[in-house]
Amino acid sequence: AVGQRYALSEVQRCAPDMLAPFAEAAASLGIPGFEETPAGMCFRGTLFRLPLRDTGQAKTSLLSSETFGEGPEGEKRARALLAEFAAQAPELIFFLQAVESVAVYEQAASAS
């Protein structure tokens with residue numbers, strides 16, 4: 001599948017709830033979040049939102065029907081995938097000059 005590129009200001013206008021978790025995560029971690037510039041909204045970094053869905057979410061999702069399962073077993077599988085990614089990140093970004101670090105953060109289930 002081919003990815004799409006969207007201006008953050010357009011995403012904020014059309015789907016503000018999509019960016020809310022990133023803004024909340026940045027604020028809770030004490031790192032710079034989104035900021036308005038003369039050229040539009042920007043985020044100083046690269047964001048990835050992974051579609052880690054349970055079975056119920058996967059059934060109704062328009063983006064992905066892949067699931068990690070239910071309950072503790074699904075959570076365990078998702079955490080293992082993220083831990084593996086974090087462990088391999090230094091090797092994955094070795095040739096990327098603009099990437100200085102990779103971090104994985106978890107947003108509490110009770111957050112929006």
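Visitor: In which helix do Glu75 and Arg79 lie, and how many residues apart are they?

Guide: Both Glu75 and Arg79 belong to helix α4, where they sit 4 residues apart, about one turn of the helix. Please keep in mind throughout that this is a predicted model. The side chains of Glu75 and Arg79 meet in a salt bridge, with 2.9 Å from N to O, and the pair qualifies because the cut-off for such a contact is a nitrogen within 4 Å of a carboxyl oxygen.

Visitor: How many salt bridges does a search of the whole structure find?

Guide: The search finds 2 salt bridges. Besides the pair in α4, Glu10 forms a salt bridge with Arg13, and there the closest N and O atoms are 2.6 Å apart. Glu10 and Arg13 both lie in helix α1, which covers residues 8-14, and they are 3 residues apart, again about one turn of the helix.

Visitor: Is Arg13 buried or exposed, and why?

Guide: The general idea is a pair of cut-offs, under 20% relative accessible area for buried and over 50% for exposed, with partly exposed in between. Arg13 counts as exposed because its relative accessibility is 59%, whereas Glu10, its partner, counts as partly exposed at 34%. In the other salt bridge, Glu75 is partly exposed with a relative accessible area of 43%, and Arg79 is partly exposed with 41%.

Visitor: Which residues of α4 are buried?

Guide: The buried residues of α4 are Gly74, Ala78, Leu82 and Ala89. Gly71, by contrast, has its place in helix α4 but counts as partly exposed, at 44% relative accessibility. The C-alpha atom of Gly71 is separated by 8.3 Å from that of Asp54, although the two residues are 17 apart along the chain.

Visitor: How many residues does helix α4 have, and what does it reach from its first C-alpha to its last?

Guide: Helix α4 runs over residues 71-92, which makes 22 residues, and it reaches 30 Å, close to the 32 Å expected at 1.5 Å a residue. Its course does include a bend of about 30° at Ala86, and a proline, Pro90, follows within four residues.

Visitor: Which residues form the nonpolar patch on the surface?

Guide: The patch is formed by Phe85, Leu92, Leu96, Val99, Val102 and Val104, which together have about 460 Å² of accessible area. Phe85 is found in helix α4 and counts as partly exposed at 38% relative accessibility, while Val99 is found in the segment after α4 and is partly exposed with a relative accessible area of 32%. To place this patch with respect to α1, one may note that the C-alpha atoms of Phe85 and Val11 are separated by 27 Å and that these residues are 74 apart along the chain.

Visitor: In what sense do strand β1 and strand β2 pair, and over how many bridges?

Guide: Strand β1, residues 34-37, and strand β2, residues 40-43, pair in the antiparallel sense over 4 bridges, and they form a hairpin with 2 residues between them. In a regular strand the side chains alternate between the two faces of the sheet. Here, Glu35 stands opposite Cys42 in β2.

Visitor: Is Cys42 buried or exposed, and why?

Guide: Cys42 counts as buried because its relative accessibility is 17%, below the cut-off of 20%. The C-alpha atoms of Cys42 and Ser9 are separated by 8.0 Å, while the two residues are 33 apart along the chain.

Visitor: What pattern does the protein follow, read along the sequence?

Guide: The pattern is α-α-β-β-α-α, in keeping with a total of 4 helices and 2 strands. The C-alpha atoms fill a box of roughly 45 × 35 × 30 Å, taken along the principal axes, and of the 112 residues of the protein, 17% count as buried.

Technical notes
Residues are numbered from 1 along each chain as its sequence is written. This is a predicted model: local features need pLDDT of at least 70, side-chain atom pairs count only at pLDDT 80 or more; totals for chains, interfaces and linings use all residues. Side-chain values use heavy atoms; hydrogens and water are left out. The expected span of a helix is 1.5 Å times one less than its number of residues. The bend at a residue is the angle between axes fitted to the seven residues ending there and the seven starting there. Buried means under 20% relative accessible area, exposed over 50%, partly exposed in between (1.4 Å probe, protein chains only). Patches are made of residues with over 30% relative accessible area and no salt bridge: like charges are joined within 9 Å, nonpolar side chains (Val, Leu, Ile, Met, Phe, Trp, Tyr) within 5 Å. Accessible areas come from the Shrake-Rupley method with a 1.4 Å probe; for residues, only the protein chains shown count as cover. Two strands pair if DSSP finds at least two bridges between them.
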